[in-house]
Amino acid sequence: MTLTFAPAQPDAIPLHLVDETQLDTWLDAQDSAVRNWAANTGFTGAIGQTLICPGQDGIVQAAIGYGSESTRARGRFHLAAGAARLPEGTYTLHSTLDTQTLETETLGWLLSQYRFDRYKSQSPSKARLIAPDGIDVLRVEAMATGEALTRTLINTPANDMGPPDLEQAVRDLADTFGAGVSVIKGDDLLAHNHPLIHTVGRAADRAPRLIDLTWGDTGPQLTLVGKGVCFDTGGLNLKPGASMGLMKKDMGGSAAVLGLAHMIMATGLKLRLRVLIPAVENSVSGNAFRPGDILPSRKGLSVEINNTDAEGRLVLADALALADEGKPDLIISMATLTGAARVAVGPDLAPYFTDDAALVAALEAGAAQQADPVWRMPFHTPYESMIEPGIADLDNAPKGGFAGSITAALFLRRFVTDTPRYMHFDIYGWQPSDAPARAKGGVGQGTRALLAALPQALDL
C-alpha cells in the first residue's frame, strides 16, 4: 500500500489545528457564524474533536482540536485522532506548528489511511490532506509507505506468509528499487555453513532459507538483520494455544527491516545497504530439533538447546555471523525475540541494546523527532556466565527466568566480533488496540527513529 498526500487543488477545504489553550484567540479571528457554530456544537479544542462549519456561499471550513501540551504528552499523532472523523474531501492544513512537528503530524495522517484489506474489503479513508508547505514530502511518504509494508507483512497470516512468501516480498521490494537478491534454501544451507537456520526450519514443509538483499554502491555499509520466523509453534517445547495465537507476527523483525529498507532506498541515502533475513517456520515433526541437542553454528560456537521455543536467536546467530564477516560499518538486528522485553517496557516502547554512545545519541534524537519511542537496555557483561552452560559454548535458554531480554541480546552479541558497531532491537511488532494512526495489528517500531539517526550515525 502506497500512502501519499493529495495533489493540490484550489477548492480544498481549509482545516485549522486548534490548541485548546488558544481556542479563544482562534475564535476571535473567525466570523460570527464560526463562533456561533463552535459554541452550539460544544467545540473546545480537545484532542481529536472536529468542527465542520458551513460558511458563506456554501464554502466549508473545518477544525481539529489539538488539546494542550499536557494532554498531548499522553499520546502521539494528534492530528490523526481527528482525521478519521472528517467528512469526505481534500483538506489544506492551517497551523502554527514548527516544521518537524508538522512532518510528524502529517505522517500520522498518512498512517491513519492504512487499511489491511487482503481478505475483506475495508472502507478507505475519505479525508485526504494536501502536503503543507515546508515539509519533506518525499521523506514523509517514504516513511508512511515503508511502515505500511511492515504492517501488511505482519498482518498476513502464516498460510500466506511463509518463508517462500517472505522471499517474494523481498524480491518485490528489490524490483522496486533495482536491488539485488540472492537466496540459499533447504539443504544448501548446510553446504553454505548455516547449520542453525537449517536445523530450526527443517521440520516445516516449506524449506528454510537465508534471503540476502543488497543495494547501493557508495558510502558506508549498513547491514540489517531481521528475524523471519514466519510461524512459531515453539517446536517440541510446544506453546499453549493462547501463546501461539499471535505467532504469525514472529517474523516482525524481518518486516521491520524491510520497512526500514524501503525508507532508506526511497529517500536515496548514500550508503551500501545489505538486508539478511533467515526465514523459517519452527514446526513439529519427526526431524525437529530437541531439547538437549547441542548444535554447531556458522561462527564455530556450539549451542546447547534447553528450549526449542528460543529459536529466534538461533537463526539470527548464523545470519549475524555472516553479516559480521563482511565487516560493515554498522550492523542492526531486529527481532520479536523475548517476552521479557514486553514485561519490562510494554508493547509501545522498542527496547534496544548497544555499547556505542554515538549511536545512542543519534537514535534517541531520531526517536524524539519521529514520535517513535525507544528505550535503551544494557548489554550487561556480568550476565555472560548465565549463557554459558559448561557442556557447550552457549545456552539458548538460560534457566531461572532472570534478565531474559538481556541474556538473549548477549547471546546475539557473541556472533558479532569483527564489526565494532552493533545495535539490537527486541521489538513487539503489534499494536494491541486501535490508537491514532496505529490500527490494531502489525506495527513498525524503531524504524523511523533509525532512519532519522542514520545520517548522524554513519556521517552521511
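A residue counts as buried when its relative accessible area is under 20% and as exposed when that area is over 50%. This cut-off applies to each view of the predicted model shown here.

**Figure 1. Lys227 between two strands of the predicted model.** K227 occupies the loop that links β8, residues 221-226, to β9, residues 228-232. The relative accessible area of K227 is 2%, so this lysine is classed as buried. Its side chain makes a polar contact, at 2.9 Å, with the side chain of D250.

**Figure 2. The surroundings of Asn396.** N396 belongs to the loop between strand β16, which covers residues 394-395, and helix α15, which covers residues 404-413. With a relative accessible area of 0%, N396 is buried. A polar atom of the N396 side chain lies 2.8 Å from the backbone nitrogen of N306. The side chain of N396 also reaches the backbone oxygen of N307, again at 2.8 Å. When neighbours within four places in sequence are left aside, the residues in contact with N396 include V303, E304, I305, N306 and N307. A310, R313, L314 and F411 are also among the contacts of N396.

**Figure 3. Pro420 in the loop before strand β17.** P420 is found between α15 and β17, the latter covering residues 422-426. Its relative accessible area is 73%, and P420 is therefore exposed. The C-alpha atoms of P420 and K327 are 8.4 Å apart in space, while the two residues are 93 residues apart in sequence.

**Figure 4. The whole protein chain, as context for the close-up views.** The secondary structure of the chain comprises 16 helices and 19 strands. Its C-alpha trace spans about 80 × 50 × 40 Å along the principal axes. The radius of gyration is 24 Å, which agrees with the value near 23 Å for a compact globule of 460 residues. Of the 460 residues, 57% count as buried. Among contacts between residues at least 6 apart in sequence, 77% join residues at least 24 apart.

**Figure 5. Surface and charges of the protein chain.** The accessible surface of the chain comes to about 18200 Å², and carbon and sulfur atoms account for 50% of this area. The chain carries 38 positive and 51 negative charges, and the mean positions of these two sets are 4 Å apart.

Terms used: Residues numbered from 1 in each chain as written. Predicted model: local features only at pLDDT ≥ 70, side-chain atom pairs only at ≥ 80, totals over all residues. Heavy atoms only, no water. Helix = DSSP H or I, 4+ residues; strand = E, 2+ residues; numbered from the N terminus. Buried < 20%, exposed > 50% of the residue type's maximum accessible area, 1.4 Å probe, protein only. Polar contact = N/O pair within 3.5 Å; in protein donor to acceptor, adjacent residues only side chain to side chain. Contact = heavy atoms within 4.5 Å. Rg over C-alpha atoms; globule rule 2.2 N^0.38 Å. Areas by Shrake-Rupley, 256 points an atom, 1.4 Å probe, with all protein chains shown as cover. Lys, Arg positive; Asp, Glu negative; His and termini not counted. Charge placed at Lys NZ, Arg CZ, Asp CG, Glu CD.
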